[in-house]
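These are my notebook entries on one structure. I set down what I looked up, entry by entry.

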Amino acid sequence: MTASQGPGGPIEHGEAHSGALGSRLNWLRAAVLGANDGVVSTAGLVVGVAGANATSTELLTAGLAGLLAGSLSMAAGEYVSVSTQRDAEQAALALERRELHLTPEAELAELAGLYEAKGLDADLAHQVAVQLTAHDALAAHAETELGIDPDELTDPWHAAWASFAAFTVGATLPLLAIVLPSPAHRVWITVVAVLAALVVTGWASARLGGADPRRAVLRNVLGGGIAMGVTYAVGTILGASTG
């Protein structure tokens, strides 16, 4: 939240800065996609096991194992990925600090050139560069040259926990849908519940990305439906061959 000075004093503005907003949207998109992965992978697993005429206990065991394996895998993968990104950001910032210390005049000229390339005339670009350098040289160069906010570096632990939680939430739906109903109804109830969830996650991911929700929903539903159909068929074949 920012404030500006008005006739009656400071005026509060509720809109978020673009960097913070973009960061939140990325987190939301990652959470939606993580939940979607949890829904599809767990649904495929439990529907496949159900096709082999497994008992409720066997379904619960398989579903919980899949949920735990998937959520931990997502968390570990996200931690490694974001740690690599953070290391790269820190290395770039360290290099920028050295350059600012060793060649400040050249860095000032470079910053002014970048602002001039954005459309400012040469004199104004130089004035802006001088003022921003005086305020916070590293932040000015990091934002303009690198697209990095030194105060908003990615946190691998936050990313890992968010992925773990999102996958777990998504995986819980097909797990409950397969173990709670009677054996005669559990597969079709799971299919309906999963497809409904995929409509929601497809719509949400499209809206967050500014895409057409109809196409995203259709892709999501088709992908999830095919995954469940294939695993159910495989489970049925294996169940019949071993029965």
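**Entry 1: Overall layout**

Reading along the sequence, I found the pattern β-β-α-α-α-α-α-α-α. I noted that the model is a predicted one. My tally of elements gave seven helices and two strands. I then looked up burial for the chain: of its 243 residues, 32% count as buried. I also looked up the sequence range of contacts. Among those between residues at least 6 apart in sequence, 68% join residues at least 24 apart.

**Entry 2: The largest nonpolar core**

Which residues form the largest nonpolar core? I listed ten: Val46, Ala50, Ala54, Leu59, Leu67, Phe167, Ala171, Leu175, Ile178 and Val179. I recorded that helix H1 (18-51), H2 and H5 each supply at least two residues of this core. The greatest contribution comes from H5, with five residues.

I next examined Phe167, a member of this core. Setting aside its neighbours within four places in sequence, I found Phe167 in contact with Gly34, Ala35, Asp37, Gly38, Ser41, Thr42, Gly66, Leu67, Gly70, Ser71 and Met74. One of these contacts, Leu67, is itself listed in the core.

I also looked up Thr172, which lies in helix H5. Its relative accessible area is 29%, so I entered Thr172 as partly exposed. Between Thr172 and Val39 the C-alpha distance is 7.7 Å, although the two are 133 residues apart in sequence.

**Entry 3: The loop between H1 and H2**

I turned to Asn53, whose place is in the loop between H1 and H2. I noted a positive phi of about 60° for Asn53, which is not a glycine. This drew my attention because most residues other than glycine have a negative phi. Is Asn53 buried or exposed? I entered Asn53 as exposed, at 64% relative accessibility.

**Entry 4: Aromatic pairs**

How many aromatic pairs does the structure hold? I found two. In one of them, the rings of Tyr79 and Trp157 have centres 4.8 Å apart and planes at 50°, so I recorded the pair as tilted. Tyr79 lies in helix H2 (residues 56-102) and Trp157 in helix H5 (residues 156-179), so this pair ties together parts that are 78 residues apart in sequence. I entered Tyr79 as partly exposed, with a relative accessible area of 31%, and Trp157 as exposed, at 52% relative accessibility.

I then took up Trp161 and Phe164: their ring centres are 6.0 Å apart and their planes stand at 75°, so this pair is edge-to-face. Trp161 and Phe164 are three residues apart in helix H5, so about one helical turn separates them. For Trp161 I noted a relative accessible area of 57%, which is exposed; for Phe164 I noted 25%, which is partly exposed.

**Entry 5: Helix H4**

I checked the span of helix H4 (residues 122-146), which has 25 residues. A straight helix would reach 36 Å at 1.5 Å a residue, but the end C-alpha atoms of H4 are only 21 Å apart. Where does H4 bend? I located a bend of about 125° at Asp136. I listed the buried residues of H4 as Ala125, Ala129, Ala137, Leu138, Ala140, His141, Ala142 and Thr144. I found that the buried residues of H4 pack against H2 and helix H3 (104-117).

**Entry 6: Helix H6 and the residue after it**

I applied the span check to helix H6 (residues 186-209) as well. At 1.5 Å a residue, the 24 residues of H6 should span 34 Å, and the end C-alpha atoms are 34 Å apart, so expectation and model agree. Which residues of H6 are buried? I listed Arg186, Thr190, Val194, Ala197, Leu198, Thr201, Gly202, Ala204, Ser205 and Ala206. H6 is followed by Gly210, for which I noted a positive phi, near 75°.

**Entry 7: Salt bridge**

I searched the whole structure for salt bridges and found one. In a salt bridge, the side chains of Asp212 and Arg214 meet at 3.3 Å, N to O. I entered Asp212 as partly exposed, with a relative accessible area of 30%, and Arg214 as exposed, with a relative accessible area of 66%.

Technical notes:
Residues numbered from 1 in each chain as written. Predicted model: local features only at pLDDT ≥ 70, side-chain atom pairs only at ≥ 80, totals over all residues. Heavy atoms only, no water. Helix = DSSP H or I, 4+ residues; strand = E, 2+ residues; numbered from the N terminus. Expected span 1.5 Å × (residues − 1). Buried < 20%, exposed > 50% of the residue type's maximum accessible area, 1.4 Å probe, protein only. Salt bridge = Lys/Arg side-chain N within 4 Å of Asp/Glu carboxyl O. Phe/Tyr/Trp six-rings, centres within 6.5 Å; stacked < 30°, edge-to-face > 60°. Core = buried A, V, L, I, M, F, W, Y, C linked by side-chain atoms within 4.5 Å. Contact = heavy atoms within 4.5 Å. Bend = angle between axes of the 7 residues up to and from the residue.
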